[in-house]
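Dear colleague,

I am handing over the structure below, and after it I set out what was found in it. Please read the notes with the coordinates open beside them.

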Amino acid sequence: MKVLLSWMREFAPIEGEPAFLAEQMTDLGMVVEEVVATGRTWDGIVVAEVLDLRPHPEADRIQLVDVDAGDGEALQICCGAFNMAVGDLVPLATIGTTMPGGLEIARRKLRGEWSNGMLCSSTELELGDDADGILILDAGLTVGLPLADALGATADTLFDLDIEGNRPDALSVAGVTRDLAARLGVPFTLPSPKFAESEPSTAATGSVEIAAPELCARFGLRVLRNVTVGESPAWMATRLVAAGMRPINSVVDISNYVMLELGQPNHTYDLGLVPGGELGVRMAGEGERLVTLDDVERDLMPADGLIVDGADTPIGLAGVMGGASTEISESTTDVLLEAAVWDRMTIARTSRRLNLRSEASTRFERGVDPMGIERALDRFAELAAEICGATVATGSVVVDGGLAPPTTVEVRTERINLILNTELAAGEMAALLDPIGFTSTPTPDGLSVSVPSWRLDASIEEDIAEEVGRHHGYSRSGKRVPTPTQAGGLTPAQAGRRRLRQALLGAGYSEAMPMPFLAPDDLARAGLVRADSGAEADGASISLTNPLVADESVLRTSLLPGLLKAVVRNQSHRNGAVRLYELGSVFHPSDDDLPDEFELVAGIGSGHGPGGATAGDSAAEAAVVQVNRLAAELGLAGLTVANAEVPGLHPTRAGEVRFRGKVLGTVGEVDPRVLEVYGVADRASWFELRVAPILAALESVPTQKPVSLYPSSDIDLAFTTPDAVPATDVARTIKKAGDGLIQWVRLFDVFRSAQLGDGRRSLAYQLRLQALDRTLTDDEVAAVRQRCIDAVEQAHGASLRG
């Protein structure tokens with residue numbers, strides 16, 4: 001929004017340096033982005049009188065014009081315009097002048113004749129659109145007078161404001177001035193338009209019917225007769241140009257001027273093209289069309305608002321653009337003036353759909369004062385009578401549609417002070433609100449505030465607090481760090497994930513973040529689906545309709561393929577022994593529209609050796625050890641591992657991880673065939689666990705366990721067991737036989753040989769014995785040892801190795 005200081009002074013006695021005024025407006029929330037000094041771009045341009053006109057001897061399209069620039073001497077100018085006559089007063093740009101557009105005037109020879117300056121059109125002076133002829137000035141001006149003085153274009157200041165979307169009232173000169181005047185403590189007044197009226201009245205000539213009250217809150221009409229359409233006076237054109245609008249003709253310019261001044265868009269119709277002066281408001285019908293002022297035929301939708309004539313023919317797109325059929329032209333003499341208030345969202349949708357953005361639609365989208373229609377109509381009539389010689393019909397016609405009732409907000413003084421960190425009394429708040437139109441009455445808790453009609457953005461207590469804060473001055477409010485009702489922190493799930501990551505980092509794992517998208521054959525290559533059918537055909541995965549990369553079109557069902565690729569990449573960079581983990585989501589097909597998505601945490605370790613029984617066992621054993629360590633670190637009591645066949649893992653070196661009676665995940669050694677397909681050089685350990693049960697367990701309050709102050713004793717036991725007996729089952733049997741005296745059981749060796757026989761292996765365990773209330777005697781340790789041996793031999797068909 002661009003506002004001239006001289007324009008604001010028509011509503012309030014605004015005084016002060018431009019920098020000070022800009023600071024005040026910025027502090028009020030109307031941020032001043034630029035301050036520009038205007039009115040000095042016509043230096044060197046003077047009023048000149050035409051003395052003589054004669055043809056150019058060498059050019060048909062140029063004439064020689066002798067002018068008097070104020071010194072009584074004839075000055076020859078070469079000019080391409082022919083709309084002058086002897087005695088006319090015209091603007092002359094003298095030699096050395098820099099025009100508003102940047103052109104520098106110099107003495108030039110055109111086809112052998114000297115031109116000692118340039119006669120100016122309204123376009124060259126940025127006063128209008130007419131570039132075909134020279135601007136003819138009003139008779140009676142003093143020859144030789146600077147053009148700026150002759151036209152009253154004195155030095156001025158232009159403020160370029162950035163107006164936020166919640167301040168529709170500030171999209172007008174009057175609205176900006178009202179705020180600034182309140183801050184400066186000077187009176188603000190809206191002058192009452194003055195003009196003569198004559199019969200027949202507007203009501204006898206025009207009418208309006210609102211068939212869609214949800215579209216239109218209010219609709220007003222005025223009739224103007226004997227209108228002369230021409231150029232606008234220089235003062236109006238200058239203001240419009242400064243505000244960023246292009247002068248077109250007197251009627252259009254007055255319309256734009258009123259909109260900028262009061263914030264009320266309006267539209268003019270050629271009354272002779274509106275049968276009976278009858279207008280209507282309704283929603284568009286399916287398939288209707290309208291040719292708008294830009295001569296484009298537009299297809300309408302039922303969500304679009306229309307202005308129609310008495311025959312129900314569309315003649316305007318409500319709040320967006322008028323129709324070409326009733327456009328004002330040079331032959332127009334009688335004008336039907338309309339000002340209305342439209343539904344904001346309807347205008348927003350229509351203007352965006354048709355890509356028709358304008359100053360008017362912007363104001364309608366943000367909200368227009370429904371009670372300002374009469375003033376806007378009267379101001380237009382005043383200017384039209386002055387500039388266009390219009391005869392104003394008596395009265396106006398204003399019809400209410402879906403007009404909302406006035407808004408009243410109950411304000412608590414304590415609440416406002418809490419928000420603003422101030423100590424204002426209710427009376428002080430009222431004194432700040434009253435100059436900007438918010439009237440208030442005292443209540444036991446504070447104030448009852450009546451919101452003015454032009455502040456559609458204010459409807460709750462916080463909005464009133466904002467107004468008090470703006471005019472009190474945010475810079476005057478003390479600085480305070482708000483005290484939250486609850487201190488910020490991680491949610492239990494976030495804290496659990498962080499703890500899980502820290503446990504894995506402590507175990508020597510580095511986090512990897514593969515993409516969740518796989519190639520169609522990745523799941524088969526990882527042994528997770530049948531290789532002969534593929535993941536999609538097997539129904540074991542979900543294919544993407546629009547993948548980012550064509551070769552990655554399947555959502556993963558396991559973290560194994562991605563981590564295998566990460567290991568391969570590390571090994572290709574000569575980083576062979578790595579431990580990587582990932583915490584991420586997998587996606588399984590479901591009967592619902594959405595996939596079954598859940599989080600897993602997985603770890604892979606490479607560098608366990610190139611083969612051999614012992615090396616093979618070490619990879620699976622390392623995986624189990626890592627799971628047990630993770631369980632101990634996180635306090636997952638009762639977690640167990642049992643042998644099982646797991647897709648993608650070694651047929652005999654894999655198992656299920658169970659927790660609280662349910663399968664938590666898998667653990668073991670990656671199948672050598674999978675490693676070969678992916679190109680992994682060494683054997684690899686693997687575990688993959690569901691995250692949700694782990695997080696749920698971490699949310700429970702841990703129980704404190706007593707710590708023994710007495711010495712412990714360690715013993716080793718080695719058993720020969722069938723291969724089918726899981727090592728974890730043996731460990732559980734040992735722990736149970738200890739009757740609470742065994743602190744932990746740890747498998748530290750697995751051995752196979754021909755002496756042990758086919759299908760059997762040796763499992764060696766270390767046991768730590770410790771009591772809470774005493775030092776265990778040798779006899780007690782021996783008794784516990786024997787109970788463990790007997791229990792394992794009876795439960796698992798094992799024998800103690802000597």
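A residue is called buried here if its relative accessible area is under 20%, exposed if over 50%, and partly exposed in between, using a 1.4 Å probe and protein chains only. Please bear in mind that this is a predicted model, in which local features need pLDDT of at least 70 and side-chain atom pairs count only at pLDDT 80 or more, whereas totals for chains, interfaces and linings use all residues. Residues are numbered from 1 along each chain as its sequence is written, and side-chain values use heavy atoms, with hydrogens and water left out.

Aromatic pairs

Rings of Phe, Tyr and Trp (for Trp, the six-membered ring) are paired if their centres lie within 6.5 Å, and the planes count as stacked when under 30 degrees apart, edge-to-face when over 60, and tilted for the rest. By this rule there are five aromatic pairs. One of them joins F219 and W342, which meet edge-to-face with 6.0 Å centre to centre and 80 degrees between the planes. Because F219 belongs to strand β13 (residues 216-225) and W342 to strand β21 (residues 335-342), this pair ties together parts that are 123 residues apart in sequence; helices (H or I, at least four residues) and strands (E, at least two) are DSSP runs, numbered from the N terminus. F219 is buried, at 0% relative accessibility, and W342 is buried as well, at 4%.

The pair of Y509 and F687 is also edge-to-face, since the ring centres are 5.9 Å apart and the planes stand at 75 degrees. Y509 sits in the loop between α14 (492-506) and β27 (510-511), while F687 is in strand β36 (residues 684-690), so that parts 178 residues apart in sequence are tied together. Y509 is buried, with a relative accessible area of 3%, and F687 is buried at 2%. Elsewhere, ring pairs link W7, W235 and Y257 into a cluster.

Strand β32 and its partners

Strand β32 (residues 596-606) has eight of its eleven residues buried, and is therefore largely enclosed by the rest of the structure. Two strands are said to pair if DSSP finds at least two bridges between them. On this basis β32 pairs in the antiparallel sense with strand β31 (residues 579-588) over ten bridges, with V586 opposite F598 of β32. β32 also pairs with β36, again in the antiparallel sense, over seven bridges, and G605 has S685 in β36 as its bridge partner.

With best regards
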